[in-house]
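Colleague: Got a minute to go through this model with me? I'd like to hear what stands behind each label.

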Amino acid sequence: DLDEAAAVIAPGSAAAIVIYENVWAIPFATALRRAGAELVSSGRIPVGALLDSLDAVEAGEPVDA
């Protein structure tokens, strides 16, 4: 992954790679499973939608929920 990222960074440019893990969710998910919970759906907010919303907020435009 680092090699792939490095290949698209122009010489003389700077970049940062942020990696995170939601470790807080491990005991939460474990407790849910022990209580018999089942995952019925999963999803993520697309980066483009997030950026569009941030741009709209900065421009003072209403943001759709």
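Modeller: Let's take the labels one by one.

Modeller: Ground rules: this is a predicted model, with local features needing pLDDT of at least 70, side-chain atom pairs counting only at pLDDT 80 or more, and totals for chains, interfaces and linings using all residues. Numbering runs from 1 along each chain as its sequence is written, and side-chain values use heavy atoms, with hydrogens and water left out.

Colleague: How many helices and strands are in the chain?

Modeller: Three helices and zero strands, where helices are DSSP runs of H or I with at least four residues, strands are E runs of at least two, and both are numbered from the N terminus.

Colleague: What makes the chain more spread out than a compact globule?

Modeller: Its radius of gyration, taken over C-alpha atoms, is 19 Å, well over the 11 Å that the globule rule gives for 65 residues, so the chain is more spread out than a compact globule. That rule is 2.2 Å times the number of residues to the power 0.38. The C-alpha atoms fill a box of roughly 55 × 40 × 20 Å along the principal axes, and buried residues make up 2% of the 65 residues.

Colleague: Why is A5 called partly exposed?

Modeller: Buried means under 20% relative accessible area, exposed means over 50%, and partly exposed is in between (1.4 Å probe, protein chains only). A5 has 24%, so it counts as partly exposed. A5 sits in helix 1 (residues 2-7).

Colleague: And why does L51 count as partly exposed?

Modeller: Because its relative accessibility is 45%. L51 is in helix 3, and it helps make a nonpolar surface patch of about 510 Å² together with I45, V47, L50 and L54. For such a patch, residues need over 30% relative accessible area and no salt bridge, and nonpolar side chains are joined within 5 Å. A salt bridge here is a side-chain nitrogen of Lys or Arg within 4 Å of a carboxyl oxygen of Asp or Glu.

Colleague: How do you know that W24 and F28 form a tilted pair?

Modeller: Rings pair if their centres lie within 6.5 Å; planes under 30 degrees apart are stacked, over 60 edge-to-face, and the rest tilted. A search of the whole structure finds one aromatic pair. W24 and F28 are 6.4 Å centre to centre with 40 degrees between the planes, hence tilted.

Colleague: What makes W24 exposed?

Modeller: Its relative accessible area is 59%, so W24 is exposed.

Conventions: Patches are made of residues with over 30% relative accessible area and no salt bridge: like charges are joined within 9 Å, nonpolar side chains (Val, Leu, Ile, Met, Phe, Trp, Tyr) within 5 Å. Accessible areas come from the Shrake-Rupley method with a 1.4 Å probe; for residues, only the protein chains shown count as cover. Rings of Phe, Tyr and Trp (its six-membered ring) pair if their centres lie within 6.5 Å; planes under 30 degrees apart count as stacked, over 60 as edge-to-face and the rest as tilted.
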